[in-house]
Amino acid sequence: MNVTLIAHTPDPEKVVAAAAKLCYSSSDVQTLMDNLTPEKVESFVQLLASYGHESPVEHVTFTFGIEGVSRACTHQLVRHRIASYSQKSQRYVSEKGFEYVTPPAIAADAKALARYKAAMAQMNDAYNEIADLLEASHYEALTASGKSEADAARAARKAAIEDARFVLPNGCETKIIVTMNARSLMNFFHHRCCNRAQWEIRDVAQEMLRLCREVAPALFSHAGPSCLNGPCPEGAMTCGRIKEMREKYKVTL
């Protein structure tokens, strides 16, 4: 897994502080950024957190590049709706010899790992065989319809891998670009940094949070699983480790 913070709103905490200042003062837009010292910026951002006033943090966005994760992981990721996603297409990109993600529990069990690798190899062979069979069939039909050999070859390959992808596993490696505003990120971290989140998306969320805190430590000082700022929302399903989680995600500004 590799998570990279590709881009973000410049000076994100100052932008959030300016939006908050507009809500709570008579400043006009032209002078909004005046006298916003680092100390005042931090104070505004902390004030927002204490009030639970979240709309000003929507004005800043963060864009991440994520690779080396499974399709199982990204299927969960894209359920977070207030975000923008661009993912490697299995319709247009051949998955011949595809990489895949191995869950730690499988990697730790020699027999399970051997069976897992064998299954992945079988699916790779099936993908290649189906793609080749379909490509030949499509090519024959396209040339018969009058297409040039070059055009028929391109169209046949695309149509072939579009259908061959149905045999690919959830563990197939993928890449995705994700953009979220800070409020959506907070919600994402509430759900996905939780100990009850699936291990792979939890690892992604923790790395995204680490990167956010590097550029906006005050803004994300209270970010993390929901139990950081209140009781565990999981009820009887709680992991029972609130103290440990609060210590793990604690930030000293």
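**Exercise 1. The cysteines**

Work out why C194 has no disulfide partner in this predicted model.

*Solution.* Start with the distance: the cysteine sulfur closest to that of C194 belongs to C232, and the gap is 6.1 Å, too far for a bond. The cut-off to hold this against is 2.5 Å between the two sulfur atoms. Next, check the surroundings of C194: its relative accessible area is 14%, so the residue is buried.

Now repeat the steps for C73. Its closest cysteine sulfur sits in C193, 12 Å away, which again is too far for a bond. C73 also counts as buried, because its relative accessibility is 2% and the limit for that class is under 20%. Finally, widen the view: searching the whole structure turns up zero disulfides.

**Exercise 2. The second largest pocket**

Find which residues lie nearest the centre of the second largest pocket, and describe its lining.

*Solution.* C194 comes back here. Along with H190, H191, P233 and E234, C194 is nearest the centre of this pocket, which has 16 lining residues. The space inside is about 180 Å³. For the elements involved, look at α7 and α9 (242-249): each supplies at least two lining residues. Then sort the lining by class, and you get nine nonpolar, five polar and two charged residues.

**Exercise 3. The largest pocket**

Do the same for the largest pocket: how much space lies in it, and which residues lie nearest its centre?

*Solution.* Take the volume to begin with: about 330 Å³. Then go to the centre, where A49, E54, M186, L219 and H222 are the nearest of the 16 lining residues. Two elements give two or more residues to this lining, α2 (38-51) and α7 (182-192). The class tally reads eight nonpolar, six polar and two charged.

**Exercise 4. The enclosed space**

How many cavities of 30 Å³ or more does the whole structure have, and what lines the largest cavity?

*Solution.* The search gives one cavity of that size. About 30 Å³ of space lies in the largest cavity. Its lining is made of K96, Y127, N128, A131, D132 and R157. Helix α5 (residues 110-144) has the largest share, with four residues. By class, that lining splits into three charged, two nonpolar and one polar.

**Exercise 5. The nonpolar cores**

In the largest nonpolar core, which residues touch the most other members? Say also which helix gives the most to this core.

*Solution.* The core holds 45 residues, and the ones touching the most other members are F64, I66, F189, L219 and F220. Among helices and strands, the top contributor is helix α8 (residues 199-215), with seven residues. There's also a second, separate core of nine residues, with F98, I161, A164 and L168 among them.

Now zoom in on I66. Leaving out residues up to four places away in sequence, I66 touches N2, V3, L77, T174, K175, I176, V178, V204 and M208.

**Exercise 6. The glycine at position 65**

Decide whether G65 is buried or exposed, and list what it touches beyond its sequence neighbours.

*Solution.* Place G65 before anything else: it's in strand β2 (residues 61-70). Its relative accessibility is 13%, so G65 counts as buried. With residues up to four places away left out, G65 has contacts with N2, V3, T4, I6, I176 and I177. For a distance check, go 22 residues along the chain to Q87: the C-alpha atoms of G65 and Q87 are 9.9 Å apart.

**Exercise 7. Positive phi without glycine**

Where are D11 and N35, and what are their phi values?

*Solution.* Begin with D11. This residue is in the loop between β1 (2-8) and α1 (12-24). Its phi is near 50 degrees, which is positive even though D11 isn't a glycine. At 47% relative accessibility, D11 is classed as partly exposed.

Move on to N35, in the loop between α1 and α2. Here phi is about 60 degrees, again a positive value in a residue that isn't a glycine. The relative accessible area of N35 is 59%, so N35 is exposed; the cut-off for that class is over 50%.

Conventions: Residues are numbered from 1 along each chain as its sequence is written. This is a predicted model: local features need pLDDT of at least 70, side-chain atom pairs count only at pLDDT 80 or more; totals for chains, interfaces and linings use all residues. Side-chain values use heavy atoms; hydrogens and water are left out. A nonpolar core is a set of buried Ala, Val, Leu, Ile, Met, Phe, Trp, Tyr and Cys residues joined through side-chain atoms within 4.5 Å. Buried means under 20% relative accessible area, exposed over 50%, partly exposed in between (1.4 Å probe, protein chains only). Contact means heavy atoms within 4.5 Å. On a 1 Å grid over the protein atoms alone, a cavity is a set of points where a 1.4 Å probe fits but cannot get out, and a pocket is an open set with protein on both sides within 12 Å along at least five of seven lines; lining residues have an atom within 4 Å of a point. Grid points are joined across faces, edges and corners, and a volume is the space filled by probe spheres set on the points. Ala, Val, Leu, Ile, Met, Phe, Trp, Tyr, Cys and Pro count as nonpolar, Asp, Glu, Lys and Arg as charged, and the others, Gly among them, as polar.
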